[in-house]
Amino acid sequence: MNTDNRPPWAAPESLPAHVSIIMDGNGRWAKSRGQDRTQGHRAGTETARRIVREARRLGIRHLTLYTFSSENWERPKHEVSFLFELLVSFLRDELPSLMEQNIRLHVLGDVNGLPLAVRTALNHAMNKTAGNGAMTLNLALNYSGRGEILHAVQALVRQGVLPQDITEEALASRLYTAGQPDPDLMIRTSGELRLSNFLLFQHAYTEFHFTDTYWPDFGVEEFHAALAAYATRERRFGKTGEQIKA
Ligand code: IPE
Ligand code: IPE
Ligand code: MG
């Protein structure tokens, strides 16, 4: 993006370094049009493509998309298989564009619990994009926030870290997001006002933006509106407003 003509909310110092998104409402979007839920997921994939591209264009350094939760295994079998087929084709189709946009792909979640075809496609895309540095695209897949914290604690114990050395930094460095900043802005579509086990440790001080729009209808303009609203927030981190302004 041409940095000279940016609106104030899109100035580099006003943009969040990390945006996390709960892409929700695909099923209801489809139902409202008399379609099968799977058609909602297909349309949602197009939204994801557009938002990734726009985040990159604006210069957002980290984008996390909640793609499949550990709890989503409870859904009907055909819906789960459809979601994974969509993911494999998304990875195949998007790889050239990720390379062209200099985007690194990373996964948050238990990759070993994913079907082989998905693991293969993910490993291929992650290896190919490993050297890309403009933006990190995290896909939260087979992801559970509580599970992630447990996994990090198990790593600390396995590595023999002494109790007095178990600091917040030591724990954070064993999370799937190790080395990345916490999300500054979390967006959830579809009107649900909950976290659904998403980045429980990392969202400690994140600003939240909720919209009633279903994910397939979430467009670039609404993304801009969320970023513009974020730019007006006063983040206090426990301090007083006067301290922040000083
Ligand atoms: C989000 O849309 C996609 C996934 C959770 C995989 P949903 O499928 O949850 O859509 P709703 O919430 O049922 O409308
Ligand atoms: C959260 O959405 C998971 C993803 C968007 C991948 P859900 O639709 O699964 O969340 P709940 O069940 O409504 O809390
Ligand atoms: Mg949902």
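A residue counts as near a molecule if one of its heavy atoms lies within 4 Å of that molecule. By that criterion, ligand 2 is surrounded by Ile-22, Met-23, Asp-24, Tyr-66, Thr-67, Phe-68, Asn-72, Arg-75, Arg-188, Arg-194 and Ser-196. The model is a predicted one, in which local features need pLDDT of at least 70 and side-chain atom pairs count only at pLDDT 80 or more, while totals for chains, interfaces and linings use all residues. Residues are numbered from 1 along each chain as its sequence is written, chains are lettered from A and ligands numbered from 1 in the order in which they are written, and side-chain values use heavy atoms, with hydrogens and water left out.

The shell around ligand 2 holds four nonpolar, three polar and four charged residues, where Ala, Val, Leu, Ile, Met, Phe, Trp, Tyr, Cys and Pro count as nonpolar, Asp, Glu, Lys and Arg as charged, and the others, Gly among them, as polar. The largest share of this shell, three residues, is supplied by β2, which spans 62-69; helices (H or I, at least four residues) and strands (E, at least two) are DSSP runs, numbered from the N terminus. Polar contacts, meaning pairs of N or O atoms within 3.5 Å, link ligand 2 to several side chains. One of its oxygen atoms is 3.2 Å from an N or O atom in the side chain of Asp-24, and a polar side-chain atom of Arg-75 lies 3.3 Å from an oxygen atom of ligand 2, as does a polar side-chain atom of Arg-188 at 3.3 Å. The protein covers 76% of the 390 Å² of accessible area that ligand 2 has on its own, areas being computed by the Shrake-Rupley method with a 1.4 Å probe.

Turning to ligand 1, its surroundings are Met-23, Asp-24, Gly-25, Asn-26, Gly-27, Arg-28, Arg-37, His-41, Thr-67, Asn-72, Arg-75 and Leu-83, which by class makes two nonpolar, six polar and four charged residues. Both α1 (26-32) and α2 (37-58) supply at least two residues of this shell, and α1 gives the most, with three. An oxygen atom of ligand 1 is 2.9 Å from an N or O atom in the side chain of Asp-24, whereas for Gly-25 and Asn-26 the partners are polar backbone atoms, at 3.3 Å from an oxygen atom of the ligand in the case of Gly-25 and at 3.1 Å in the case of Asn-26. Of the 380 Å² of accessible area that ligand 1 has on its own, the protein covers 87%.

Where do these ligands lie with respect to the pockets? Ligand 1 sits in the largest pocket, and the space taken by ligand 2 is the largest pocket as well; a molecule sits in a pocket if more than half of its atoms lie within 2 Å of its grid points. A pocket is defined on a 1 Å grid over the protein atoms alone, as an open set of points where a 1.4 Å probe fits, with protein on both sides within 12 Å along at least five of seven lines, and its lining residues have an atom within 4 Å of a point. About 710 Å³ of space lies in the largest pocket, and of the 33 residues that line it, Met-23, Asn-26, Tyr-66, Thr-67 and Asn-72 lie nearest its centre. By class, this lining has 14 nonpolar, eleven polar and eight charged residues.

Notes:
Polar contact = N/O pair within 3.5 Å; in protein donor to acceptor, adjacent residues only side chain to side chain. Points joined across faces, edges and corners; volume = space filled by probe spheres on them.
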